[in-house]
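Thanks for asking me to look this one over. Here are my notes, in numbered points, to read alongside the structure.

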Amino acid sequence: MAASILSHVVSDLCIGKPAVRVLPPSTPIAAALATLRAGADPFVFVDAAPPDAKKAAALSVVKVSVAEILCYVCGDGGNLGDPAAALRRPVSVLTAVVGDHGVTRRVDPQTSLLDAIDALLANNSHSLLVPLHARARKKHHHASAGYCVLTQQDIVRHLFGSISLFAPVAALSVASLGLVRRDDAHAVHVDDDALDAIPLLQRSIGHGTAVAVVADDDALVGEICPGVLGSCDDVESVSAAFAALSAGDAMTYIDCYFSPPEFLLRSIRAELTDKGLHAMCDLMDAAYTTDVAALSSSSTSSDEECLPLAPARRARKMSSGSFRWRSTEDVAACHAGSSLVAVMAQALAHRVGHVWVIDELTGALVGVVSCADVLAVLRDHLRPECYADDL
């Protein structure tokens, strides 16, 4: 069994994975958003290879989701003042938001599992680009159909299936393994401006975590998670909510994104007007006007009063299984004494790359365990010399 897992290659983990969509760097951000809305995954990729690079040897892409676009729009005062202009800019400007951690590099399909883990950890990357089998490529027609993406979580899920191989390490507490990181536990208070969470959100994307939202005494009440933001593909209204609301109210908006109450929309409009962000307010209203028109045209009722002021959006189905809708209060959390296997189970169940660590008595935020750190521990246990007798 040990010899078997050491012989695995990345293509073994890519069976059934869909092809990624790679956009040219000149694609407008608004067009990238349209691709997100039309697609089945909460992310797209931007070609980041140098212009003179040979695609087959040097292909690298940058993953872009709603979270990165939100950070770009809300992280600059000028963008908030004219969000439409910001969305007309090429998607390549988002590479500054994403940073090196967002670069997904190509690996050979026959790359060993151990080498793939080393590549992820050495480059502080969250994913790898793997060429699809020739038979799979025939099913797709766009130019980027030759690749799929393998993430840290994919590898952790794969190793979790052979968790017995990691005894006794898997039974040790995350605290004893040194996996509880306090400095990487980015948090805002529920009453802080939601905009205060934006630089923390950008940092958390780099660490593969999220932004914790805490109440008094640092009690964890929820999170602003890049994965959950992935379903809120109307960046215009989400950006407006972050520009106008507190962190706690922004959580409420995200939770009711598919059918926001009118009182919350009125509050956002009023706050945007007070701040002089009229263009942002107009853009949000335009988005909801479009939704109302679409809902009205598809309605079979003759009673116009039945139409809601804040129309319900339809949740998208994710083909890759990389995302599921959940509340901002539905967080993955553990205690310092929780075992490594329990923490892995939490992360996999919530489909996230992090688990918050809270005090067992007070519920106060203590730190965070990241998927990268878990992977590093598992990788160390998978050294070939550990199974020399089996090999």
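1. Let me begin with the surface as a whole. The protein exposes about 17,300 Å², and carbon and sulfur atoms supply 52% of that area. Please keep in mind that this is a predicted model, so every value here is computed from it.

2. Next, the interior and the overall build. Of the 391 residues in the protein, 51% are buried. The secondary structure comprises 18 helices and 12 strands.

3. How do the contacts spread along the sequence? Taking contacts between residues at least 6 apart in sequence, 68% join residues at least 24 apart.

4. One surface feature you may want to display is a negative patch. Its members are D191, D192, D193, D196, D216, D217, D218 and D249.

5. Where does D193, one of the residues of that patch, sit? D193 lies in the loop that runs between β7 (187–189) and α11 (197–207). Its relative accessible area is 45%, so D193 is classed as partly exposed.

6. For a view of a buried site, try S370, which belongs to strand β12 (residues 365–370). Why does S370 count as buried? Because its relative accessibility is 9%, and the cut-off for buried is under 20%.

7. Which residues does S370 touch, leaving aside those up to four places away in sequence? The partners are H207, T209, G353 and H354. H207 is also the residue at which α11 (197–207) ends, so the helix that follows the D193 loop supplies one of the contacts of S370.

Methods: Residues are numbered from 1 along each chain as its sequence is written. This is a predicted model: local features need pLDDT of at least 70, side-chain atom pairs count only at pLDDT 80 or more; totals for chains, interfaces and linings use all residues. Side-chain values use heavy atoms; hydrogens and water are left out. Patches are made of residues with over 30% relative accessible area and no salt bridge: like charges are joined within 9 Å, nonpolar side chains (Val, Leu, Ile, Met, Phe, Trp, Tyr) within 5 Å. Accessible areas come from the Shrake-Rupley method with a 1.4 Å probe; for residues, only the protein chains shown count as cover. A salt bridge is a side-chain nitrogen of Lys or Arg within 4 Å of a carboxyl oxygen of Asp or Glu. Lys and Arg count as positive and Asp and Glu as negative; His and the chain ends are not counted. The place of a charge is taken as NZ of Lys, CZ of Arg, CG of Asp or CD of Glu. Helices (H or I, at least four residues) and strands (E, at least two) are DSSP runs, numbered from the N terminus. Buried means under 20% relative accessible area, exposed over 50%, partly exposed in between (1.4 Å probe, protein chains only). Contact means heavy atoms within 4.5 Å.
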